[in-house]
Every structure is written in structure tokens, then in C-alpha cells.
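Biologist: Could you walk me through this one? I'd like to begin with one side chain and work outwards.

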Amino acid sequence: MDLVSTSSAQQASSSSISPSQFTYKVFLSFRGTDTRKGFTDHLYTALTNAGICTFRDGDELPVGEEIKPELERAIQHSRCSVIVFSKDYASSGWCLDELVTILQCRKRSNQFVLPIFYDVDPSQLGEQTGSLGEAFITHQKNETMEKLIRWKEALTEVAALAGMVLKNQADGHESKFIEKIVKVIEGKLSRVPLSVPAYLVGIDSRVKSINLWLQDGSSSTGIFGICGIGGIGKTTIAQIVYNSNSERFERRCFLENIGEILKQPNGFVQIEKQLLSSILNGRKVDISCPSEGMSKIKDAISSKKVLLVLDDVDHKGLVDAILEMKGCFCSGSKIIITTRNAGLLKGHRDIKVHNVETLNHIESSDLFSRHAFGLNHPVESYVKLSERVVHQCEGLPLALQTLGSSLSGQTIDVWESALKKSKTIPNSIVMSKLRTSFNSLQDDHDQSLFLHIACFFIGKDKDIIVKILDACGFYTTVGIQNLIDRYLVRIEECNKVNMHHMIRDMGREIVRLESKDPEKRSRLWHHKDSLNVLREKTGSNAIEGLVLNMPMNSAHGPSRNSDMVVLDANAFSMMNKLRFLHLGHVQLNESYEKFPKGLRWLCWRECPLNLIPSDFPMEMMVVIEMSYSRLRQVWKGAKRLPSLKIFDLSHSSNLTETGDFSLVQNLERLTLKHCISLVDVHESVGKLEKLVYLNLKDCINITKLPENIHMLKSLETLIISGCSNLSEFPMEIRNMESLKVFQAFGVPIDQLITIPGQVNTRSRLSVDGLWGSFSGSIVELDLGSCNLSDDAFPSDLGNLASLRYLDLSYNPICTLPDSIRGLWKLETLTLSYCTSLRSITGLPRVRDLLSADHCVSLEKITFQSLSCIPKRLSIYGDSKLVEIQHWYKLKPIGTVDVEMIRLLGLSDLESMEPILMHTPDAKSPLEGESMEPIRIQGLHEYGIFSTFFSGNGNEVPGQFSHTSKGCSSISFPVPILLNHKIRGFNIYSVYAWTTDVTTLLPPLIIEVNNKSTGLKWIYVPSCYGIPSDGKDMIWLSHWSLGNQFKGGDVVTVSIFTPDNWLQVKEFGVQVVHEEEEKMSKQQYSSSSRDPIYDDPDACGVNEVIGNSGGVLSELYQVRPGTYFLCGGPFLENNRYTFNRWKKDRYLSDIIGEYDEETDKEERKQGDRTLTATEEAEAESGSNKFFGCKNLVIHVLMSLVEICQNIC
């Protein structure tokens, strides 16, 4: 299976090279002036005479030039590299660049590297002594610190490899030494790697986690499962990692197509023979029965470290056998299993499971184009057609490859015709591969279940599907799980059941092949087939389900009756086994006397009936969906429907009354959403003892609820949002102990009149009465836009102890209601569009999200404690926010501490012109809204103080020892001053727009890297100055780094711009020292203060967050010693920002290239950590504060596991 990334065809990585793509067996790296005409020439001749195709560059690279692209490609396309180290090797930057590239290939694809120490000792490489040390002294004059570090690291790494030393072998005789080199290389090349497909650019991200597992150095035997649907690339991934890692093992075996072998006579014994033959280096072994084979295999694997790959496993017995033998394998052995059935690996903690994902859109287009056009992009005239094919394939490599090859060289007319055909008759090669998973289902029960879902239920709620199919005799829950295990279906957001487009097409193709005549098939889903059968009245007992969802002629909304397809109801008379019927835009005439009586599911969108007729057979129906119907009344009188559980009449705009439901006693869900003419809900609804869900949203003409609604003992969800004319509210709702969700958005609760229980007594609903009427079981409460003011909240909300989701948006509150502070189980608090809200102070524990979007008067957010910080904060839309505790604080520059003003050399800033300033809550300039200039501000966050001011006519204050114009990095050693300690760094930058604003990203990112200690800080300012047209902006900052640096440390300060619309004209750094005695006094005087709460300027942090012990350090530490200072202390905000930028490659200069596979694994690790944290919190009691240190360790530490990819 072909897998691909976004890199171009011309720049395929070495790890993506198949055996057929290797141009050379050996790449020779050497210093020309030392050995070109002597030793290296003799070695090259010997390798060539031995039939080993060898690359040797014939040119010297001019001084100062980089390594040539053709040399990089030669290295990448060679199976192994031989490096001849001579005395002057390190004097050539070209040679050292070659060395770096070679070692990169070794890491990515396990390329074999053989160091030859011609006239130098390996120790000289590792320590850079002798002639190598002298060479580096020369290089320091001309090369950057980064390049020198890369070269030194490469020399140290290669010195540790197993190499060959001339003086230690063959008594120093070069000819004999060369013979030995050739034999070693021949031995390494003798093992032929598995053949893999040609187009494998970007396979790295999909094999990285497996390679890391194979190379983890563990002494235990490990088992790794690679799982996914057919055609997704499981075998290819296994082949790649096998080729890349087989040399690390003493014995190796790749057993391909095990599923097919097991179908053959004595298949298990054949597998055992093949395994033994590979482990015993080709020796054939006689085996009479499986048990004898197991014994011999146990003996063979006990003494050699083995890499074993079992491809296409679909037999539980084989997995059990491997688990049984696990203890017999030699330590360090690894076993990889590829399977379409993840259920085989469930419940085994010893097995690490990896689910292969489909390709993204860019990768899909790339792979398809390579097969269709021989390019990594579509030909211009075929772009739209290619997009259609790529969409249809939904990222499945097999389909992209197959369809691309079949369309290659064809005209546009042929493409159009092929695409039309594929909608009815899918590609047989793809279908055959995918059908293997269907055929492997354990019985016809699961096969029928799959076909029903593929034809009728894609995108529906799983619980609804279960109710429908259970009523048809299926064991739906276990059946769906079996389909999930085989990747035939998946459960998506909101519990929706879905499946891959190609899997769906495979299922429908199975049904199509049942008969050439549609009326003889079990299921009809295509409107043309269904329409023909109904018009011709050729239906039969074979049909179990039918879809006739006709496309509407009008662009919007329901169509007129005259636009509908009109059919006779008796066209269904011969379909006695019909269970599932989906109609849309269809009108049925005549009597329903002969209509199928066994229907379990009826979906009739835009039903044109005014009233469901009495002869319409509904007795067996479990689910009825009649949204957008023309019904004025559901039915006359009471209708006995003992099986009905779900009834959906949403958007039935003509419906005025519900009708009598007294004989529908098993009803569980009733949806009347947006029935805008509905005036009354029948009292019988209040007697439905099994009703769990009632939705009356946007029923704008309802004035009251049924008086007996409190009798609904099973009701869990009640939605009355948008019922703006509701004037009566039953106080007895408090008796509904099962009620968990109550949504009343837009209902003027302050105007409601209570129904106290006496017929003629009514009183205005009091505030306490309103809140007191809610059941203690309430989990979600939506009172948005209910005209609730500050005095509309009681002093005690103890009865809402279970509340987790509270929405108070669009209400005229000015402060956070005190009573909310007692809600210790809150997960989400929404205060958006509370335009009078001025402050959110003392926020209680909100576990997940605080949303305060468009709170235009909001100035400040604080928390009861550090433990109350939510994982996410949303503050979009202009407000007056100047402080978010533990994140940032803005102050007018004139009120900033005088010591900070002195440190930065600031003066007369108050007289400077106002500037445009971006804050976290501000709208983007992209939205076209004007911004008002503000006076110069001081920004405190993360222990960093910043200020921004216009650069035109203003010089940068202070003195800076290290400056740069045009270069993005500055490196320097920290000077040593007697009796002085380092206080921190002053950093400035001058920047301006290069074009119009085209991104939402912050304009500048600063990285401070202590090369000596490995500590690194990446700072993304939350507030920053926006340059005016034609003017520069100056950013001046002080980093209070405390004891993070000492004299002699090598420091690199870098500044990055995520996009090209901003230019950094210059920047500089100054180390700030202070006398030890003075600093000691300052530290002593501050030791009595709590640095989290007492410092009014530092916003909770006195020094830059780092390993100095700050309680917030672990939140921002994305790997040991690396701190990502961005987005505040909100865990999910941090996670989202970092992963989004990593994926979009905005920070590739800092964090390296994005790795999708590693990113997914990191997200899973983070989710697991969060889950464990929440469980721990639940055990400790949700009404208790966590200590700050414990919170950091248990709640915020997951960012460490999330962001491992930072460099």
C-alpha cells in the first residue's frame, strides 16, 4: 500500500526509498586532497570490481559553498555509506556537511554507516583533538555557532559507531585492509530487503512511533499490533519498519498473507515451517503437527533475538499461540502483528496497538496524482475531476492508487464517464480487497447488520439504530462492536454511526450483485431503482428496506405538494418483509389498507398529509421521523402504538396540536422542535412514564406546559428554549428527580407565572422559587437570554450540587453571582454576551471551559485559587480586559514599578504617541474593524516585562552589547563579573509590516536557549504593538531569569516571525548584572511574600517560569528543560495552540517538522493523563482545594507528554 506525505517527488526522503529505487550500493565520503588518488581510489576500484555500485564524487566543492543537492540525493539513494577519515577530513566544511547528512539518513532509515579510520584515531573524532581540533579553530572564524555544534555532534556520534581502523588490522597493509572492508560491505548487502511500492514519500511520520518502539532497547519481548481497514497500508508500514530495523536483530522473519495461508490445508503447519526456516537461516524442518511445530519454534527462538512480523492475522488461535510463546523468546525480541480485526488484540495488556489513519487531503491528492499523472499534483485541466476522485476515496491509499492508475492517460470524457459509473458500480479491485473484512465476519447476523447500516443508517444516532434493529431480532450492540473491531463502522461525535465511503460502497455493491433486477434485491437505496420498482409496482418479499429520498427542485425549504413525486400506496402491497422505509419529497395516494404492516422504521420527510390516516399501519413501528411534515394534527383521538419509542415531528410548521398520546405508553423520545404553530401540548404527554426526552425548542406559540408534566418520572431532558410566549411555569418541576438537562434559552423567566397547584390561585414566580424549582439531579442548565439580573440569583445553590454545565449568556449581570461560587462540579460556565459584566472575580472551580466572549465591559478575571484555573478560556471579541490572573496584566507605563523603568533605561514614555495594541480578546484586523490607539502600556506575563512604542523618531533606550540586523539569532557567552550575579536579559526588536495583515498569528516569537544547561524558553507575547503604516514598532522587554544562567554559559537568543508579512529590522540583547549583596537583600525582602498572590505587578510570577521552582513551571514545560510560554495557564488552550502551530508548521524553525503520527500519540498520552487526573480529583472530593504544587503535578503536567516534538 502506498503512503505519502506533502514533500515533492524530487525530494523524497531516504526513509521512503524502496529497494528498486536505490541508485547506489555504497556512497564514499572522503577528503579529496588526502586520499583521492591513493587509498580511496583503490577502495573504489575494489568495490566496483566486486560488483558493488559505488558513488564517488569527482569534484571538490569551492570554499564557502554548501553541499550540492546531487550529493544529498546520492547519499539518500545509497544503501550504505563508507566514510574515510583522514587527517584533513575535518578541515573541509563540505565533508562535515556530508557527514551530517549521512547520519541523518542513518537515523531515518537505518542506513548502514561504516567509518574507516585511515590515519586518525577514533578518539580524535570524539574529542576533536589533533588535526581535527585544529580544523575547528579555523572553522570558528567563518562559521556560525549552530553549524559548529552540528559538526561536533556528528563527529562525536560517528566516533561511537563500530568502524575499521587501518593501524589495528592487516598489520597496516592497505590492500589487505581494503579486502576486509569489501567483505564487510558484501555481508551487509547480502540481505535483500522486502520490496515495497515505489511512491513512499513521507512514510516517516507513519512509521516513527513503531521505529521508536523497535529501538527502545528494552530487554523484554514486545508485541505491536498494526490495525486498520483493508487497503490502508498496514503491510507496507510493516515492510518499511522491517527493512529499517532487521539489522538490529540476530534472526528475522516476515510471514506475509497469513490469512490466506491458514485457509489452505494444513495451513498452520505451513506457517510454522516458514517461521522455522527463517529463524534457522533457511534450514528446512519437518513438522507433522502443530504441537510439534510449537515445540521446535520455542527451542529456536530461545537463544537468538528475533524480529517477527505476522501479516494479515485474522485468527484468534494464532494470537493466542504467540502470547503463549512470548516467554520463550530471547530477551529483546519484537513481534509485529498486522490485522483488520482489532478485537483480536483487545484485553491483552502485553500488546501495544497502533491504528493506521487514512491520508489527509494533501497527501491523497499527491498519491493519486503520482499514479494518474506521474506528478505530485494534478494536471491543470484535470484539477476538478481529480478533486472528485480524491473526495470519493476518502484517504484510502489502495483506492487512490488503483483509480489513479486506471485513469492515467485517459481523456476528460473517459474520466467523466468513469466517475458516473463508480457511483453505481465501484471499482472491482478495491471492492475485492475490502470485501475480505466483510467475509471474515463471524456469522450472517453481523453481515446483515452491516448491510443494513451501509444502506440505511449511516450518520444516525447509535442508540436509535439499536432500538430499530433490536426490534427486528438483531443483537445490535454486540454486532456494532464487532463491526467497529473490524473497522467496518466507526462511532463519531454525538454518537453518530459512520463508515468510510469505500466501505459503504462495498456493502452496497454486495447488495447490488444479489440480482440484476432491483425488485429481487434485499435492499434498495438508490432513488432511481426505488422509483422504478414503485412506479412499475414490481415490489417483492425480497425487499427488507427501501429509500426514496427524492431531490427537491426548490433551493430552500420544503417544496409545494405539486413538486412532489406522487405514487400509489398500494405499490408497497407486495413488500411484506419491508422493515425500513425512508421517503422524502414523496406523496402517497389511495388507501393504506395493503401497506406493509411490519415496518419498524419510518422516515418520511416533508410528509404532505394533514393528518395521519386511521388505516395507516403503525402498530409495529419503533421509530417514526416526520420532520418538515405538513401535518396540522398528528391523528384523531387516541392511537394505540405499543412499539413506538421515538417520534420526531420537528419543523412541522403547520402543526397546531399534538393529539392524544395516552395509548403510546412506551414512547421515550418526543421531538416537537420548531413547530411554530403549536399552541398546546396534550395533557396525555404528562402521563408518558417512559419518556426521557422532550424537545419543544422554538415552539414560539406555546403559552404553557402540561400541568402534569412533573409526573414524568423518567424525563431526563426538557428543552423549552425559544418558547418566548411561555407564561406559566410549573413549580412542581422540582419533583422530577430524574431531570438532568433543562434548556430555557430565550425564555423570559422573570415574567413567568407559577402554577402552585390550586386552580384559581396564581402568584408571580419569585427568584428563590425559580431556582428552588430545579431538581438536585440537574447536570446541564441553560438560562441564557432569560433577562436575569444580579438580584435574580439566590444566596444558596446547594440544591444544584450535580450541576456541570451552566449557561448564563446574554443576561444583564454586572458581576459573577456569589451563589455560583458554591458549585464545585462545574465543568463549563458560559457568560458570553453579558455586555454589562465588568469583572469575574474569585472564579470557582470550573474544570473545563470558561466562555466570556463579547463581554465588552469585562476588565478583570481572577480565580479563587490556582486549582480553579479551567483547562480552556474563551474571551473572543473586544472587551476592556487588562488582567487575567496568572497570565497577564496591562498597566499604563506611568504606573509601572520605577525599578523596572530603570532596568530598561526608559524615560518620557508617557509623552509618546498612542499605539494600536493587540490583546488576547481583541478581534483580528482581518475582520476589517478599526482599532482605537491607546497610551503606552507595560505588560507583565510569565515573569517577563514588555512595552511597545513607535520606533519612528525614537531610539531604543539603554545599551545592548549584542545586536543583529538581518540575522535571526545571536549567540554569545555570558560574561563573568566578580561579585555580580545575573539578574536577567534585556531584549529589544524593531519590526514593521511588509504587507497587509494576512494571519491571526502573533507577529514575533522569541526563543532564549541556554546551550550549556539545555534550558530553553519560547515566548509568544499575548499583547503586542501593531505597527502603523510606514512606521516601525519597538518591542522592549526584560526577562527576570534569576539563577537560570551563570557566567560562561553559552546563550542563543533567536527571534522568529510565523509568516512573511512582518520584517524584523534589528534586535539586540543585553545581559543585566547586579551586585550579589543587593540581589540577596531583594530576594530576602521578597521571601516573606507569596509570589502567586501578593505581587501586584508580576501577575503571579516574579521570575521567568522555569526550573527555578516556580509553581507554574510544570504547566509550560513541554519537555524537560523546554518551556512554551503561550496562551496562559489554560491547559487546553496551550495544547491547542502548540499542536495547531506544530501541525501548520508555523514553528518548524523552533520545534522541528510536524510529525502527524507522533502528534496523535502525544495527544492520546495527554488525554490519558487528564483522565487519570480527573479520577484522582473525584476520589479526593470535588469541594476541596488542591495545593498549588499538587495541582501542577496532577493537573497541568500533561502538557509535558503532549508536546514532545519540540526540538
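Biologist: Is F438 buried or exposed?

Modeller: This is a predicted model, and in it F438 counts as buried because its relative accessibility is 5%, where the cut-off for buried is under 20%.

Biologist: And which residue forms an aromatic pair with F438?

Modeller: F438 pairs with F450, with 5.7 Å from centre to centre and 50 degrees between the planes, so the pair counts as tilted, since stacked requires under 30 degrees and edge-to-face over 60. The pair links distant parts of the chain, as F438 sits in helix α19 (residues 428-439) and F450 in helix α20 (residues 444-457), 12 residues apart. F450 is likewise buried, at 0% relative accessibility.

Biologist: How many aromatic pairs are there by that rule?

Modeller: The count comes to 39, and one aromatic cluster is formed by Y942, F948, Y1019, W1035, W1039 and Y1116.

Biologist: Switching to helices, at what angle do α21 and α22 cross?

Modeller: The axes of α21 (residues 462-470) and α22 (residues 476-485) cross at roughly 125 degrees and come within 9 Å of each other, which means α21 is oblique to α22.

Biologist: Which residues make that contact?

Modeller: From α21 there are K462, I465, V466, L469 and D470, while α22 contributes T476, T477 and I480; by class, these divide into four nonpolar, two polar and two charged.

Biologist: What about the whole protein, how many helices and strands?

Modeller: The protein has 33 helices and 49 strands, and 55% of its 1207 residues count as buried. Its accessible surface comes to about 50,900 Å², with 48% of that belonging to carbon and sulfur atoms.

Methods
Residues numbered from 1 in each chain as written. Predicted model: local features only at pLDDT ≥ 70, side-chain atom pairs only at ≥ 80, totals over all residues. Heavy atoms only, no water. Axes fitted to C-alpha atoms, helices over the stretch in contact; angles between N-to-C directions. Helix = DSSP H or I, 4+ residues; strand = E, 2+ residues; numbered from the N terminus. Parallel < 35°, antiparallel > 145°, perpendicular 65-115°, else oblique. Contact = heavy atoms within 4.5 Å. Nonpolar A, V, L, I, M, F, W, Y, C, P; charged D, E, K, R; others polar. Buried < 20%, exposed > 50% of the residue type's maximum accessible area, 1.4 Å probe, protein only. Areas by Shrake-Rupley, 256 points an atom, 1.4 Å probe, with all protein chains shown as cover. Phe/Tyr/Trp six-rings, centres within 6.5 Å; stacked < 30°, edge-to-face > 60°.
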